Amino acid sequence: MSSVEEFRAEIRAWLADHLVGEFAELRGRGGPGREHEAFEGRLAWERHMAAHGWTCVGWPVEHGGRGASLEEQIAFHEEYALADAPARVNHIGEQLLGPTLIAFGTEKQKKRFLPPIVAVEELWCQGYSEPDAGSDLANVRTRGALSPDGSHWVVDGQKIWTSLAHEAQWCFVVARTEPGSRRHTGLSYLLVPLDQSGVEVRPIVQLTGTSEFNEVFFDGARTDASHVVGEPGDGWRIAMATLGFERGVSTLGQQVGFRREWDGLAALARRNGAIADPLIRDRLVRAWIDLEAMAASARRGVDPSVGKLHWAAWHRGLGELAMDVCGAASTIAAGEPYELDDWQRLFLFSRADTIYAGSDEIQKNIVAERLLGLPKEARV
């Protein structure tokens with residue numbers, strides 16, 4: 001048995017042994033559009049994982065991880081998804097900020113911030129998007145300035161679509177720290193505590209009736225002068241590196257979730273007779289073929305922007321197909337006042353798939369300009 005197969009067998013056995021008792025009730029809970037589900041229970045589960053050394057498996061051993069190879073990380077995320085284990089609450093800290101600090105942080109920053117991420121003692125959110133910028137990350141207006149005595153940064157501005165900010169203790173914020181700078185220049189990557197009087201978090205109610213995105217207002221918020229990752233003014237490079245980590249191997253577990261959704265929808269079509277419609281059959285088959293192609297592309301290491309365009313369109317299309325499989329019943333709420341079933345929630349929340357984590361329009365520009373070398377889009 002190869003080391004990867006041994007690693008896969010180890011995590012599969014551990015999940016079988018530990019997703020029991022109170023944790024068994026968490027199976028399948030959480031995830032995009034369902035982050036409100038059993039949050040405290042999922043937090044307890046992830047801290048249980050940490051106590052047994054199953055968080056941050058891809059991190060170097062010296063930073064609290066297992067030093068797992070790329071193939072072992074793929075095996076971990078696939079087995080986790082196959083076990084129908086609950087959606088992770090520490091994804092942003094573990095998959096985004098942690099690798100960023102390992103690559104660019106100071107030793108002091110690593111010592112301060114990495115252990116609480118491994119132990120799931122501090123949760124993080126991402127302060128990138130702004131109301132007047134959307135996916136145009138370079139159009140940052142949130143300001144950061146050093147205090148007169150140089151002891152701390154003062155942050156003023158607003159971020160939006162900040163996932164799980166209402167549950168997080170910290171936010172990594174891209175702020176303009178050089179007055180008069182434009183676009184990609186003069187930005188800094190600041191680590192800002194949220195539990196202070198200068199920060200207000202306002203949840204945004206979504207189409208699903210739940211709230212996992214937030215507005216975050218900074219009004220004289222403070223953070224220590226040492227809490228800047230990289231050099232002041234070098235924030236764009238650090239922020240782009242974080243986005244690269246965001247679209248890493250953990251997305252392979254997403255493919256397993258997509259397969260489970262397709263299987264469930266195909267089973268529903270058989271039960272309610274929708275499978276008799278040749279157009280429904282054709283769309284189900286096309287969705288299956290596209291899912292197979294998506295998984296093959298992910299394993300081959302497709303460019304993150306190409307992958308994002310692929311899975312976002314596929315998942316949104318599956319939500320639309322689900323409504324057609326459900327038929328007229330899909331237009332009626334499952335209960336009062338606005339209780340949705342899983343297929344209705346999938347349809348509504350997947351409308352956001354082509355917007356968040358970089359809209360389709362932005363991803364297409366990246367593919368055209370950076371991968372294909374086409375002329376840059378004219379910008380005012």
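## Fold and overall shape

Eleven helices and eight strands make up the secondary structure of the chain, and keep in mind that this is a predicted model. Along the principal axes, the C-alpha atoms fit a box of roughly 70 × 50 × 50 Å. The radius of gyration is 22 Å, which agrees with the value near 21 Å for a compact globule of 380 residues.

As for how the chain packs, 48% of the 380 residues are buried. Take the contacts between residues at least 6 apart in sequence: 71% of them join residues at least 24 apart.

## Surface and charge

The accessible surface adds up to about 18000 Å², and carbon and sulfur atoms own 55% of it. On the charge side, there are 40 positive and 54 negative charges, and their mean positions sit 4 Å apart.

## Salt bridges

The count of salt bridges comes to 20. One of them pairs R8 with E79, at 2.8 Å from N to O. That pair ties together distant parts of the chain, since R8 belongs to helix α1 (residues 3–18) and E79 to helix α3 (residues 70–82), 71 residues apart. R8 is partly exposed at 22% relative accessible area, while E79 is buried at 5%.

R34 and E37 make another salt bridge, with their closest N and O atoms 3.0 Å apart. Here R34 is partly exposed at 23% and E37 is buried at 11%. Then there's R202 with E200, at 2.9 Å from N to O; R202 is partly exposed at 37%, and E200 is partly exposed at 39%. Shared partners also link salt bridges into a network of R8, R12, E78 and E79.

Key:
Residues are numbered from 1 along each chain as its sequence is written. This is a predicted model: local features need pLDDT of at least 70, side-chain atom pairs count only at pLDDT 80 or more; totals for chains, interfaces and linings use all residues. Side-chain values use heavy atoms; hydrogens and water are left out. Helices (H or I, at least four residues) and strands (E, at least two) are DSSP runs, numbered from the N terminus. The radius of gyration is taken over C-alpha atoms; the globule rule is 2.2 Å times the number of residues to the power 0.38. Buried means under 20% relative accessible area, exposed over 50%, partly exposed in between (1.4 Å probe, protein chains only). Contact means heavy atoms within 4.5 Å. Accessible areas come from the Shrake-Rupley method with a 1.4 Å probe; for residues, only the protein chains shown count as cover. Lys and Arg count as positive and Asp and Glu as negative; His and the chain ends are not counted. The place of a charge is taken as NZ of Lys, CZ of Arg, CG of Asp or CD of Glu. A salt bridge is a side-chain nitrogen of Lys or Arg within 4 Å of a carboxyl oxygen of Asp or Glu.
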